[in-house]
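Here is a short briefing to read alongside the model on your screen. Please keep the viewer open as you go through the points.

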Amino acid sequence: MPMTPERIPGPDRDLPSQGPEEPDTNSRGPQDLREEIRTLALRCGFDRAGFAPAGPARHADRFREWLDRGFAAGMDYLARSADRRSDPRRILPEARSVIALAVHYGEPGEAERSVRSLAEARTLSMEGRGEISRYARGTDYHRILDARLKDLCGILASRYPSHRFRYQADTGAVLERAWAEAAGIGWIGKNACAIDSQRGSYFFIAVIISTLEVPPDAPAANHCGSCRLCLDACPTEAIVEPFRVDSRRCISYLTIENRGPIPEPLRPALGGLVFGCDICQEVCPFNRPDRLGGDPDLRSRPENRHPALRELAALDAEGFAARFPRSAVRRAKAAGFLRNVQAALRNSVGDPAPGAAGDQRSGAPGPAPRSSP
Ligand code: B12
Ligand code: SF4
Ligand code: SF4
């Protein structure tokens with residue numbers, strides 16, 4: 001009986017118990033094995049796959065330094081799981097390989113502004129329109145990636161029944177960007193995002209930790225060179241130095257994970273951004289508009305491209321759930337989202353919508369363990 005694939009549990013949950021192991025039915029050469037898994041990954045809906053030997057994560061020391069400097073803001077779960085994040089063998093002690101996978105999102109039509117600035121972001125909000133970051137405009141990617149991971153790991157478990165395959169996309173305790181870089185999927189840019197030189201950085205990362213030994217790919221080489229467009233474009237100066245984002249200043253954190261008020265001095269910098277922020281990716285020369293184009297299942301819903309702020313401000317909790325079905329936007333909760341809309345409205349017209357309660361909703365407790373970027 002083949003082993004069942006296992007989802008890596010979230011930050012604070014226990015690992016599932018291990019089942020009995022059975023001998024392999026397949027004895028292929030190592031390079032064949034790598035290409036076989038890559039082909040299977042593509043067949044299961046991943047755009048790219050790469051392999052790295054399991055061991056300490058790249059930049060684990062830098063991750064700890066990032067934590068020590070307070071850059072995790074209210075995401076306390078990152079420090080609580082720091083040991084596990086630093087080495088996947090803490091999750092699966094017999095792990096030999098990490099398979100890093102990419103699924104691209106975004107559409108060419110969404111790259112209408114290849115150069116962004118605070119002024120441009122504000123122009124949108126001046127027209128009374130908000131902006132939801134690309135990754136969250138369609139169906140929640142967790143659902144889509146989880147289904148594909150389950151398929152892929154199911155196939156791998158049936159082909160290699162004596163081996164274990166533990167998967168995650170976003171929510172488990174693994175430094176996904178570090179593994180994407182180690183497995184050749186993309187280098188970590190100065191904006192902290194993993195970037196592929198051909199297809200840019202608008203991709204999600206998933207990982208499979210396995211006891212199967214797969215020959216590694218070469219790690220991705222960094223191509224940022226002397227460029228610093230992302231550092232200069234960030235409207236809140238959250239990229240405090242190359243490769244280091246201070247979440248306390250990052251609009252993505254402030255509009256998604258943060259459960260408290262948005263610090264007053266940073267509010268104007270949001271412009272019309274009501275959920276997440278893509279500015280440090282939009283300016284990146286590797287996100288060339290003609291090369292963008294993502295998975296059809298992750299396409300934007302048209303109503304989520306530039307929604308009217310007044311329409312959003314009129315939502316109550318039920319209306320919010322109905323407006324964003326199966327959407328990553330729900331991560332902010334109605335209170336957080338409406339807080340963001342109020343800030344964007346102020347940037348747009350100077351005053352919040354009459355009767356809206358955004359600021360009153362902003363005193364909610366601190367963030368829960370994350371389940372979206
Ligand atoms: C916490 C988190 C956030 C936080 C913190 C972001 C951050 N920069 O760390 C917030 C809420 C701000 C956030 C925002 C976003 N996120 Co997020 N987030 C995560 C999460 C859950 C953990 C990341 C983490 O551990 N951060 C701690 C930092 C230190 O680690 P790191 O990001 O891996 O950064 C590495 C480098 O910076 C390097 N490093 C540090 N210092 C130095 C110095 C030098 C010299 C060098 C070479 C390297 C280096 O070490 C780190 C260790 O790997 C991951 C999922 C996961 N489990 O990994 C998704 C994830 C990183 N997020 C993702 C996305 C899409 C986003 C957003 C684009 C969403 C949006 N549009 O708003 C933004 C991008 C903001 C940005 N510029 O980083 C994707 C990234 C995909 C990609 N191609 O890179 C991930 C992988 C989710 C996924 N499964 O796809 N996110
Ligand atoms: S996501 Fe936005 S706020 Fe955060 S580092 Fe990038 S540009 Fe700055
Ligand atoms: S904008 Fe320039 S420095 Fe920033 S990530 Fe892209 S290439 Fe690297």
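The notes below cover a ligand shell, a nonpolar core and a strand.

This is a predicted model, in which local features need pLDDT of at least 70 and side-chain atom pairs count only at pLDDT 80 or more, while totals for chains, interfaces and linings use all residues. Residues are numbered from 1 along each chain as its sequence is written, and chains are lettered from A and ligands numbered from 1 in the order in which they are written.

**Ligand 2**
- The residues around ligand 2 (C-beta atom, placed from the backbone, within 6 Å of it) include N191, T236, C250 and C277.
- Nine residues of this shell are nonpolar, three are polar and none is charged; here Ala, Val, Leu, Ile, Met, Phe, Trp, Tyr, Cys and Pro count as nonpolar, Asp, Glu, Lys and Arg as charged, and the others, Gly among them, as polar.
- At least two shell residues come from each of α9 (251-257) and α10 (279-282); helices are DSSP runs of H or I with at least four residues, and strands are runs of E with at least two, numbered from the N terminus.

**Nonpolar core**
- The largest nonpolar core (buried Ala, Val, Leu, Ile, Met, Phe, Trp, Tyr and Cys residues joined through C-beta atoms within 7 Å) has 102 residues, of which A100, W179 and V207 touch the most other members.
- Domain 1 (6-106 + 140-210) and domain 2 (113-136 + 226-292 + 303-362) each give this core at least three residues, with bounds from an automatic or database domain assignment.

**Strand β5**
- F165 and Y167 on one side of β5 (residues 165-168), and R166 and Q168 on the other, are all buried, meaning 20 or more other C-beta atoms, placed from the backbone, lie within 10 Å of their own.
- β5 pairs with β1 (residues 6-7) in the parallel sense over two bridges, pairing being at least two DSSP bridges between strands; R7 has Y167 as its bridge partner.
- β8 (residues 203-210) runs antiparallel to β5, joined by four bridges, and its I209 stands opposite R166.

Notes
A residue is buried if 20 or more other C-beta atoms lie within 10 Å of its own, exposed if 12 or fewer, and partly exposed in between; C-beta atoms are placed from the backbone.
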